[in-house]
Structure formats: structure tokens, C-alpha cells
Amino acid sequence: MHQTEQEHLIDMINQIAVNNISLGDDSVVADMIAGHVKKFWPRRMKVILNDYVINEGGEHLHPAALLASKKLSKEG
Amino acid sequence: MLQYYDPNKADPSKDYGTPASLSEKLVTLEIDGVETCVPEGTSVMRAAALVDINIPKLCATDNLEAYGSCRLCAVQIEGRRGTPASCTTPAEQGMKIWTQNEKLAKLRRNIMELYISDHPLDCLTCPANGDCELQDMAGAVGLREVRYGFEGENHLDAPKDTSNPYFTFDASKCIVCSRCVRACEEVQGTFALTIDGRGFDSKVAAGQNESFLDSECVSCGACVQACPTATLSENSIIDLGQPEHSVVTTCAYCGVGCSFRAEMKGDQLVRMVPDKGGDANHGHSCVKGRFAFGYATHNDRIKTPMIRDSIDQPWKEVGWEEAISFAASRLKNIQAEHGRESIGGITSSRCTNEETYLVQKLIRAAFGNNNTDTCARVCHSPTGYGLKQTLGESAGTQTFDSIMKSDCVLVIGANPTDAHPVFGSMMRRRLREGASLIVADPREIDLLKTPHLGDSAHLPLRPGSNVAMVNALSHVVITEGLEDTDFIAKRCESDAYAKWRAFISEPRNSPEAVEEITGVSAAAVREAARTFAKAPNSAIYYGLGVTEHSQGSTMVMGIANLALATGNIGRDGVGVNPLRGQNNVQGSCDMGSFPHELPGYQHVSDPIARGRFEAAWGVSLDDEPGLRIPNMFDAAIAGQFRALYVQGEDIAQSDPNTQHVEAALKALDCLIVQDIFLNETAKFAHVLLPGSSFLEKNGTFTNAERRINRVRKVMPAVAGKEDWEVTVDLANALGYPMSYNHPSEIMDEIASLAPSFAGVSYEKLDKHGSLQWPCNDQFPDGSPIMHMESFPMPEGKGHFAITEFVPTTERANRKFPLLLTTGRILSQYNVGAQTRRTENQAWHDEDILELHPHDAEERGISDGDWLGITSRAGHTVLRARVSVRMQPGVVYTTFHHPGSGANVITTNNSDWATNCPEYKVTAVQVEKVSQPSEWQKDFVANHHRQNKFLAEASAVAASDE
């Protein structure tokens with residue numbers, strides 16, 4: 001049952017993606033996710049997410065969540 | 001001519017005999033030569049009382065309908081025969097009335113003589129001495145003798161019922177005026193009391209002639225309040241005598257926020273009496289607020305600050321200064337070593353607005369980060385998110401009174417008669433008047449058993465299927481053309497509506513398509529949707545059964561969508577009404593407890609808002625959100641988060657997945673707990689700062705209807721400091737200066753920084769009694785109903801949100817075939833730290849697992865068996881109760897007792913938007929066992945160990961003296 005912090009964050013962002021899947025295509029969903037993460041996630045969680053995408057490719061992320069993470073790193 | 005036409009301006013300390021009439025038509029009449037003008041429908045008794053002509057009365061009181069049984073209030077009316085009862089006679093245009101003359105005096109004396117002939121004459125030793133209407137009336141009518149004597153048949157030896165821990169029923173003193181029976185029916189709505197027998201044999205009976213405790217009586221105190229004699233007396237009055245002064249304050253239990261008169265003898269609280277002038281409760285109460293205040297003076301109160309280096313050591317009692325400087329130096333050292341973001345704090349939804357504001361200010365300004373959160377995280381954070389997205393403001397839209405104009409009441413995932421009892425009573429009153437009721441809940445809640453309930457429907461949905469249900473309701477509204485097109489066109493954003501309309505109309509959202517998911521027949525859902533949409537005024541009330549899910553935020557938005565689509569926003573009788581759990585959950589959110597928002601819901605990244613706080617507080621503030629509670633736990637386990645200041649919250653008991661929480665707390669280098677008791681969290685603490693109860697401080701609470709109410713100090717703080725003073729000391733010790741002389745100065749600071757509080761001050765609160773925010777230049781007297789003209793959204797328009805149904809990952813399977821859902825019970829409050837230390841234990845001294853007879857039979861379980869409950873997260877043991885309130889496949893428990901370990905089995909699953917834990921759905925297996933779980937054994941061992949550490953601290957301190 002125990003999750004690492006990174007595993008928990010992957011679950012959390014994927015959950016945001018699937019709950020907003022009907023907003024439009026992946027890019028629209030990714031905008032929503034990026035906005036949400038920006039507004040509600042603390043710096044520490046954003047860093048862990050970014051490290052995961054940069055260093056490990058973000059393979060367990062939902063496609064829209066991966067896109068959102070990339071948008072966030074670009075802005076970052 | 002004297003005029004009276006505003007029923008709200010009545011003096012709450014006076015009993016006008018009958019309720020106010022709300023008619024706008026006035027009639028003029030003359031009483032004892034005084035001309036007066038009253039609303040049509042006002043009784044002659046009330047019309048007289050309003051001009052201070054006080055007609056004798058016994059069976060009449062102004063929170064009950066007129067009854068006309070005692071006849072003491074007889075009057076003479078010009079042109080009418082006889083002596084009609086003034087309580088049941090409506091005032092009419094041109095009436096001429098005499099309330100006192102020789103004939104009436106004789107009549108009244110005769111009536112009193114009969115009463116007194118069967119009443120004990122022990123007035124001097126009677127508990128009601130000094131507060132007895134019977135005695136007052138004997139005096140008022142000039143009773144001087146009882147010609148009948150006292151020897152005949154009488155009730156003087158009638159037995160006492162002392163079964164209720166808080167009040168005594170002494171039948172020998174009863175005058176059978178029926179006020180208690182009527183209060184139980186009209187005010188409380190339980191119908192537990194009746195008059196049994198006829199004529200001389202008439203007597204008040206509880207239930208089916210049971211004791212009060214064994215009957216369905218809920219101990220709300222309405223009968224005690226209504227009794228004009230000593231028949232129903234508080235035991236505290238019997239023990240202590242009548243109070244000598246009183247102070248109006250606000251209850252510290254649930255989110256209803258009832259006003260009470262704390263009745264005192266010196267600094268001793270004798271009783272709490274619901275205040276008739278209270279705008280949230282109008283003189284009603286429940287067993288918690290009315291009676292369960294003994295915890296405040298319980299021996300377990302922490303009275304001295306304490307410190308220790310490690311949680312395996314005994315506590316050391318120290319002075320305030322030493323404790324504060326110990327805490328401050330630890331915090332500073334940890335930050336120096338691990339960085340600015342390595343510490344944080346949790347504000348309390350039980351503390352005042354002013355205290356909550358100060359804690360988040362301490363964190364943002366003195367800690368220099370935004371690592372602040374509050375227990376709203378685990379209850380109503382999805383309300384904040386969902387309502388902000390759709391309606392533009394993170395708050396319920398109505399007053400409680402609004403329900404009295406509702407025609408259809410939809411209750412989702414809430415159990416008001418247990419969790420918000422005083423509002424539950426008001427809801428029942430409206431249901432008796434004929435409003436229809438729809439309940440969407442896995443359990444058959446008591447509201448569905450309201451006596452004299454009219455139309456009602458129960459949609460017994462499966463835990464976790466809320467969003468599918470609300471989507472289906474909206475689907476019916478839209479596809480059957482039941483939407484309010486005018487409202488949508490005028491008040492809602494058109495693009496978002498078009499998208500939502502297309503989404504919700506999809507066949508996958510139809511009641512037929514989701515029948516498999518919700519378990520509720522499509523026909524029942526269609527009927528409910530039609531009832532809701534067609535009623536002139538429909539209102540939605542919801543609780544934690546909506547928010548505490550992985551889709552809590554989606555569900556809140558789904559509720560707002562339904563209200564918008566049917567035009568049920570912006571007037572009396574309608575609205576979206578979150579029923580808040582704790583007394584100040586609304587306030588703690590308003591005060592900027594969340595890591596992303598400054599007070600008044602202003603985002604930390606907003607440079608203008610942040611700039612104003614920076615200027616006022618004299619520091620620069622972080623523009624990134626801080627850690628939420630679950631993120632703090634994760635970061636603590638990862639070794640990155642090292643210190644936490646917790647004011648008045650018990651995260652170790654209340655938060656899900658206890659093992660995870662305990663691991664996080666054990667990982668901290670410094671845990672500072674400020675509480676009135678050694679709660680479960682304090683067992684992991686290094687610094688224990690004594691908290692003050694609501695009776696020991698000044699401040700304000702904000703209830704579920706955004707009502708800001710004053711909390712007034714009635715006794716000194718046991719450890720010498722109110723909670724806000726402790727936070728001030730800690731800030732100063734950390735080198736961030738704070739200086740306030742009184743909480744009113746903190747409120748002035750809040751008003752200067754949070755736009756929706758701009759018009760709030762203690763002076764104005766004292767003048768108005770209470771204020772509902774927003775209260776500012778635009779709404780100087782506050783805002784009872786929100787969104788009347790527009791929404792605080794772009795272009796003032798409401799926003800329809802797409803609400804995709806996503807099933808929770810927490811599903812039943814062969815290994816965990818049952819779904820556990822959790823809830824509350826009337827007599828206990830939240831983690832139980834307060835109510836477990838009162839006589840409320842008489843009703844609920846352990847948490848029980850309720851399960852359906854079918855599930856019980858399959859497992860060979862009978863009532864009272866010990867059951868092992870296992871989930872993916874953990875294992876605990878509770879006793880069984882077989883109950884048809886449950887559906888097959890669903891089991892239920894409460895979490896009021898720490899040793900139950902209800903949260904040992906709840907999981908880390910949480911709401912997608914806010915991380916609010918999914919307490920309401922846990923897949924479990926249940927089996928008969930013979931001993932407690934390993935966690936429970938450890939819990940008991942640690943409980944004894946930590947209590948020993950506490951006892952040792954007192955012993956050391958005593959030997960030092």
C-alpha cells in the first residue's frame with residue numbers, strides 16, 4: 001500500500017487528467033491540468049514532477065498529464 | 001398610537017406567548033385603553049405583550065403554537081360573550097379588549113387554585129425556585145388560599161425519572177400544560193413525548209411509557225426549556241441552584257453555530273440555554289450544545305505547558321516562556337539546517353477566526369512559507385473548489401431560514417438530524433408543512449422517518465456513484481425540457497452551458513445507463529429529477545457524503561450545475577447548501593488557512609492582493625502555494641519536512657490511513673501541539689501548549705451560512721492564555737513582532753485585508769447580533785442570500801462545469817467484497833475529544849460496525865459479535881450491529897473513539913482536485929474474530945505509556961514545589 005512521494009504525485013496528476021477528459025482534446029485537457037498544478041501544487045511537488053519528466057521520461061503519466069508537465073517545465 | 005409591525009424586533013428575553021405573525025396586513029385594536037397596531041394573525045395575547053400588557057399564562061410560550069388549555073389568559077372582548085383565551089384569539093380590526101377586571105381576576109384565581117391543589121408546596125427547596133412560571137402566576141393572580149385542601153386524590157407521589165444524565169423528570173410537579181409535548185413535536189420534530197391517559201389520569205409519557213433514556217428522546221432540551229415548572233429541570237440547576245448572570249456566546253460544536261446564553265455563577269458555568277435571539281437557531285439546541293459542556297472543566301485538561309526532547313520520554317512541565325522559547329529555537333534550528341520550507345502549521349476549524357488568521361499569518365510571515373492547511377482539507381475542501389469554479393464563491397448560498405420557503409428539499413450525502421441537529425429540526429418542520437423530500441444516500445437516514453412527512457423519495461445509491469447520480473438527474477432535466485431557460489440565458493455563461501448541455505445530454509449520462517453504477521432504478525431517478533425541477537423552489541443540502549470521495553470536487557460542481565440548470569439560485573427557498581462539519585470550518589477557510597490562498601480567498605500568486613498583505617505585515621511573502629496536509633505527511637516521510645505547529649486539530653485520529661500519518665508524525669524533529677487535551681496527535685509531540693476552550697476566550701466563529709457570530713469569554717483560561725495569545729508569543733519568539741490587545745484588533749486587521757469582511761467589526765457584530773459575509777460597502781449589513789443579481793465570476797455569469805463520472809479505484813472484489821462508509825452520530829462530535837469527556841457517553845460509548853442482515857447471515861454474524869475489518873490499508877476490530885438501515889454489500893461505522901481505529905482501514909485515495917480523503921468508500925472484508933487487532937493492541941500500549949509520561953510530568957512538578 002505504501003507509495004513513494006513520486007508515485008503519489010503521478011497518481012494525483014493522472015487523476016486530474018481522467019477527471020477532466022471530456023473538456024476536449026489532450027491539449028485542452030493539458031492546459032487545464034497545467035493551470036491546476038500551477039495554482040494548487042507547492043513548489044516541492046512541481047519540482048518532483050519536473051524531475052520525473054526530465055530524468056525518467058514520465059512514462060507513467062497520462063498523455064495529457066505528460067503534455068501538461070512539459071508545458072509547465074517550459075514555462076518554469 | 002403605539003405601532004408594532006416588525007416581528008424581528010421583538011426582545012428575545014421576553015416571552016410574547018405566541019409566535020409572531022408574518023402577515024404584512026396590519027390591524028388596529030385597543031387593549032385596556034391602549035391603541036396598537038399589529039400584523040393580522042397576531043394573537044390578542046401577543047398584541048398585548050408587545051405594548052407591555054402581560055396577560056397571565058401557563059400553557060402559552062412564543063416558540064409554540066397557541067394551545068388554549070390552561071384558560072389563565074382569558075380576556076373580555078367588547079361585543080363578545082364569555083371570556084375567550086387570548087392566546088387562541090386572533091387580533092381583529094377595531095377590537096376592544098380588557099385584560100384585567102374583577103371577573104377575570106376571580107376566574108384566574110379559581111384556575112390557579114385548582115392547579116395548586118395538586119402541586120407540592122415545597123417552593124423554597126424546589127429547583128425551579130427563582131425561575132418558576134407557576135409560582136409567578138400564583139403571585140400574579142393573587143392566590144391566597146386553596147379551599148380544596150391537599151388531602152384528596154393527587155399526583156404528589158408520582159415517581160421521578162432520572163434516566164437522562166442531564167435532566168430530571170419530576171412528574172409530581174407536572175401541570176400537564178403539554179408545553180414539553182408540543183416542544184418535542186413543533187420545535188424538535190421527534191414526537192417522543194405524549195400525554196398518556198385522560199382527565200385526572202393524564203400524564204406526560206416518553207415513548208411507549210418508557211424512561212426518557214430508553215425512549216426515542218434525543219435529549220435536545222426543548223422540553224426542559226419549555227417546562228414552566230420544575231417538572232423538567234437540568235440536573236446542574238438541581239445541584240447548583242439558579243445562575244446569577246449570563247453571557248450570549250456561540251456553540252463550539254457543529255457548523256450550525258447556535259447562539260447560547262451561558263448562564264453562570266461567578267466563573268462557574270451552570271447551564272447553556274439556547275438564545276431565542278440567535279439567528280442560526282432561534283432558541284433551539286441539541287444534546288451537544290445544550291448539555292455536553294462538561295469537558296471544558298474535565299480533569300484531563302492540559303493546564304501547564306510541557307516539553308520533551310523525544311516522544312519516548314516523559315513530559316517536563318515548564319512555564320510559558322520556556323515552552324515558547326524551546327519551540328521557537330527548535331523551529332529556527334530546523335529551518336537553518338533544512339531550509340525555509342521544512343516547517344509548517346495547521347490551523348484549527350474549532351478555534352476562532354482571529355486565532356486561525358493569526359496561525360496562518362505566523363506561518364506565512366514568520367515561517368516565511370505557505371505551508372499552512374486546515375482540517376477543511378479532509379472535509380469540505382471540494383466545496384471550496386467546486387463552488388468557486390461554478391458560482392464564483394467558496395460558500396453556501398443561503399441562510400438556514402431559507403428552507404422555510406423551499407418546496408422541494410434534495411439532501412445528498414448528509415445526515416442533518418445527527419450531524420446538524422438544530423438545522424435538521426428546522427428541515428423537519430418544513431417537511432411537515434408539506435415540502436417534498438428527496439434523499440440520495442446509501443443509508444436510510446432518519447430524515448426519511450420524519451413524522452408527518454409528505455412526499456418523499458430515497459435514492460439508495462452505492463457509495464462512490466454520486467457523480468453518476470447527479471449527472472443522471474441533470475440529464476433528465478435537460479432532455480425532458482425541464483430547465484429554466486430564462487435563468488440560464490440571463491445568469492449563465494452561454495459557451496460553457498452549450499458544452500455542458502451537449503455533455504449531459506449524452507445517453508451515457510441517462511438514468512437508464514447509470515442504473516448499473518448507482519444501483520437505483522432509472523424510474524426513481526427520473527421521478528426525483530422531475531419533482532426537483534418542477535417545484536417552485538428547490539434547494540440542495542449536502543454534506544461529507546458528497547465531498548469525501550475521489551470525485552468530491554466533481555460532485556460539488558455537479559450539484560451547482562443542477563441548481564443553475566433549474567434556476568434554483570439567488571432567492572429565498574433555493575440554493576446550494578453545504579452543511580459544514582465543525583463550528584468554524586467556513587471561517588478557517590475564509591481566514592486563509594489553505595496553502596494557496598490568503599485570507600478572503602485571494603490567491604498567493606496575485607501580486608496586488610499579496611502586495612497589500614506584504615505592506616500590512618511588513619514582510620515579503622512567497623508567491624507559490626505551500627504543502628497541503630497529505631503532502632506534508634509525504635514530505636515528512638521523505639525527510640524533507642521536519643517540524644509542524646498544530647493548533648486544535650487531531651490529525652492522528654481524524655486523517656485517513658493512520659499508519660501513514662503516524663509514520664509521518666514520528667519522522668518529525670519537532671511537533672508542537674496546542675490543544676485542550678492530550679489528543680492522539682499530542683502523543684507524538686515534543687511541545688504541548690495548553691489550549692483554551694470556547695468558554696475561555698473572545699473571538700468569532702463563522703457558521704455554514706456564512707454567519708459571523710461572537711464568541712464571548714465567560715471564564716478565565718485554565719492555563720492563563722487564550723489561544724491567540726500563544727500564537728502571538730510564538731511569533732515574537734521567532735523574531736516576527738505581533739502585538740494585539742484584544743481579538744477585536746485582529747478582526748479589524750482582517751477587515752482591512754479581506755474584501756468580503758471589510759464591513760465587519762466587533763462593534764457592528766454587537767449591534768446586529770451576527771453578520772453574514774460578504775459584508776462591505778456593497779452589502780453593509782451583510783448578505784443573507786448570495787448571487788441575487790450576479791455571480792462573482794467573469795461577466796457576473798454562473799459557469800456550468802463538465803462533470804465526467806470516473807469510478808474510484810477503491811472497488812469491491814473477491815478479497816474485499818464489502819464497501820465501508822463512515823459517518824457521525826448525534827451524541828458524539830468528530831474525534832470525540834470533547835463529547836467522550838461528557839455524559840454523552842450514555843448514548844454511544846463505542847463505535848459499532850453496522851451491516852445488513854444478509855451480509856451478517858452469510859458470515860454467521862450476530863449483534864454484538866467482534867468483527868475484524870480488513871482493507872487494503874489495514875485491519876481493525878469493532879463490534880457488530882445488524883441493521884436494515886444498510887443496503888446489502890455496504891457496511892458503516894463512526895470514528896468518534898480513537899481505539900476503534902476506523903482510520904486504520906481508510907486509504908490514501910483522495911479527491912482529484914483538493915486531496916480531500918476518500919473516507920466514504922473503502923473496500924473491506926469482515927469476519928468474526930476473538931481479539932483486538934495488532935494496531936489496537938499497540939494503540940492501547942502507547943496510550944498507557946503516553947498518559948504515564950503526562951502523569952510523571954505532574955508528579956515531578958509537584959515534588960519540585
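How many of the 15 residues of H9(B) are buried? The answer is 15 of 15, which leaves this helix mostly covered. The structure here is a predicted model.

**Helix H9 of chain B**

H9(B) runs over residues 353–367. From first C-alpha to last it reaches 20 Å, close to the 21 Å expected at 1.5 Å a residue. Just after H9(B) comes Gly368(B), with a positive phi of about 80 degrees.

**Helix H2 of chain A**

H2(A) also has 15 residues, 26–40. Its end C-alpha atoms are 21 Å apart, which agrees with the 21 Å it should span at 1.5 Å a residue. Buried residues in H2(A) are Val29(A), Ala30(A), Ile33(A), Ala34(A), Val37(A) and Phe40(A). They cover an arc of only 155 degrees around the axis, so they sit on the same side of H2(A). An α-helix has 3.6 residues a turn, so residues three or four places apart point the same way. The cover over the buried residues of H2(A) includes H1 (5–19), H3 (43–56) and H4 (63–75) of chain A.

**Where the chains meet**

Contacts join 19 residues of chain A to 22 residues of chain B. On the chain A side, H1, H2 and H3 each supply at least two residues. The largest share comes from H1(A), with six residues. By class, this side of chain A holds nine nonpolar, six polar and four charged residues.

**Nonpolar cores**

The largest nonpolar core has 164 residues. Those touching the most other members are Cys180(B), Cys223(B), Val409(B), Leu473(B), Ile540(B) and Ile559(B). Beyond its neighbours within four places in sequence, Ile559(B) is in contact with Ile412(B), Val470(B), Ile540(B), Tyr542(B), Val546(B) and Val576(B). A second, separate core has 77 residues, among them Phe613(B), Ala643(B), Val661(B) and Ala664(B). In soluble globular proteins, nonpolar side chains tend to be buried together.

**A pairing across sequence**

Val514(B) belongs to helix H16 (residues 511–518) of chain B. It counts as buried because it has 23 C-beta neighbours inside 10 Å, and 20 or more is the cut-off. Val514(B) and Met469(B) are 45 residues apart in sequence, yet their C-alpha atoms are 7.5 Å apart in space. Leaving aside neighbours within four places in sequence, Val514(B) is in contact with Ala468(B) and Ala472(B).

**Backbone exceptions**

Most residues other than glycine have a negative phi, and most peptide bonds are trans. Chain B has these exceptions.

| Residue or bond | Backbone value | Place in chain B |
|---|---|---|
| Val176(B) | phi of about 50 degrees | loop between S7 (167–170) and H4 (179–188) |
| Asn830(B) | phi near 50 degrees | loop between S31 and S32 (848–851) |
| Trp773(B) to Pro774(B) | cis, omega near -5 degrees | Pro774(B) in the loop between S30 (770–772) and S31 (818–823) |

Are Val176(B) and Asn830(B) buried or exposed? Val176(B) is buried, with 21 other C-beta atoms within 10 Å. Asn830(B) counts as buried too, with 24 C-beta neighbours inside 10 Å.

**An annotated stretch**

An unreviewed UniProt entry annotates residues 103–142 of chain B as "domain: 4Fe-4S His(Cys)3-ligated-type". In the model, the chain over these residues is 60% helix and 0% strand. The end C-alpha atoms of the stretch are 14 Å apart.

Technical notes. Residues numbered from 1 in each chain as written. Chains lettered and ligands numbered in written order. Predicted model: local features only at pLDDT ≥ 70, side-chain atom pairs only at ≥ 80, totals over all residues. Helix = DSSP H or I, 4+ residues; strand = E, 2+ residues; numbered from the N terminus. Expected span 1.5 Å × (residues − 1). Buried ≥ 20, exposed ≤ 12 C-beta atoms within 10 Å, placed from the backbone. Arc of directions from axis to C-beta. Contact = placed C-beta atoms within 7 Å. Nonpolar A, V, L, I, M, F, W, Y, C, P; charged D, E, K, R; others polar. UniProt positions renumbered as here; feature names shortened; annotations may be inferred. Core = buried A, V, L, I, M, F, W, Y, C linked by C-beta atoms within 7 Å.
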